[in-house]
Amino acid sequence: MDAVMSPEDGESLASAVIETVRAYQYGGGRSSWGEVRRLTLYFGMDQNDVIVRFEGSDVPTDLNLLKQVRSGHGSERIRAEKLPTGEMLQIRMQCQT
């Protein structure tokens with residue numbers, strides 16, 4: 001079975017996922033310390049892209065985070081997008097062919 005992505009691209013994608021989870025964890029939007037927040041991650045493929053979708057309340061979908069994810073990982077193939085429905089953020093990375 002062929003690898004979907006190189007180890008370097010895998011590290012870049014993992015770093016983008018970790019950064020997004022941290023932004024959710026430490027970001028604003030909490031109404032109280034006792035509030036339970038839920039974040040669900042979905043991993044999948046769409047044509048030639050690996051997709052990681054984040055769903056939950058107060059998902060960090062602001063433009064600054066999206067720009068940071070897009071530019072900070074040394075790979076031109078990572079894209080972050082705010083989805084039009086609900087509170088969802090999606091990271092896409094083009095796979096090697």
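Modeller: Two strands count as paired if DSSP finds at least two bridges between them, and that idea will be needed for this predicted model.

Colleague: OK, so which residue is the bridge partner of Leu41 in strand 2?

Modeller: The bridge partner of Leu41 in strand 2 is Phe54. That bridge belongs to the pairing of strand 1, which covers residues 39–46, with strand 2, and the two strands are joined in the antiparallel sense by eight bridges.

Colleague: And how many residues sit between the strands in that hairpin?

Modeller: There are two residues between strand 1 and strand 2 in the hairpin, where Gln47 takes a positive phi near 55 degrees.

Colleague: Which strand do the seven bridges join to strand 4?

Modeller: Those seven bridges come from strand 2, and strand 2 and strand 4 (residues 88–94) run antiparallel. As an example of the partners, Glu55 has Met88 of strand 4 as its bridge partner.

Colleague: Is strand 2 largely enclosed or open, and why?

Modeller: Strand 2, which spans residues 49–56, is largely enclosed by the rest of the structure, because seven of its eight residues are buried. For the protein chain as a whole, 36% of the 97 residues count as buried.

Colleague: Let me step back a bit: what order do the elements run in from the N terminus?

Modeller: The order from the N terminus on is α-β-β-α-β-β, and that makes two helices and four strands in the protein chain.

Colleague: Which element has the lowest mean pLDDT, and which the highest?

Modeller: Helix 2, residues 63–71, has the lowest mean pLDDT among the elements, at 63, while strand 1 has the highest, at 91. Over the protein chain the average pLDDT is 76, and 67% of the residues score at least 70.

Colleague: Changing topic, how many salt bridges does a search of the whole structure find?

Modeller: The search of the whole structure finds four salt bridges. One of the pairs is Asp49 with Arg79, whose closest N and O atoms are 2.8 Å apart. This pair links distant parts of the chain, since Asp49 lies in strand 2 and Arg79 in strand 3 (residues 78–82), 30 residues apart.

Colleague: Are Asp49 and Arg79 buried or exposed?

Modeller: Asp49 has a relative accessible area of 9% and is therefore buried, as the cut-off for buried is under 20%. Arg79 has a relative accessible area of 33%, so it is partly exposed.

Colleague: What other side chain meets Asp49 in a salt bridge, at 2.9 Å?

Modeller: The side chain of Arg92 meets Asp49 in a salt bridge, at 2.9 Å from N to O. This pair also links distant parts of the chain, with Asp49 in strand 2 and Arg92 in strand 4, 43 residues apart. Arg92 counts as buried because its relative accessibility is 12%.

Colleague: Which residues are linked in the network of salt bridges, then?

Modeller: The network of salt bridges links Asp46, Asp49, Arg79 and Arg92. Another salt bridge joins the side chains of Glu55 and Arg53, at 2.7 Å from N to O, and Arg53 is partly exposed, with a relative accessible area of 26%.

Colleague: Last one: what share of the contacts comes from residues 24 or more positions apart?

Modeller: Counting the contacts in the protein chain with a separation of 6 or more, residues 24 or more positions apart account for 58%. As for the surface, the protein chain exposes about 6300 Å², and carbon and sulfur atoms supply 50% of it.

How values were computed
Residues are numbered from 1 along each chain as its sequence is written. This is a predicted model: local features need pLDDT of at least 70, side-chain atom pairs count only at pLDDT 80 or more; totals for chains, interfaces and linings use all residues. Side-chain values use heavy atoms; hydrogens and water are left out. Buried means under 20% relative accessible area, exposed over 50%, partly exposed in between (1.4 Å probe, protein chains only). pLDDT is the predictor's confidence in each residue, from 0 to 100. Contact means heavy atoms within 4.5 Å. Accessible areas come from the Shrake-Rupley method with a 1.4 Å probe; for residues, only the protein chains shown count as cover.
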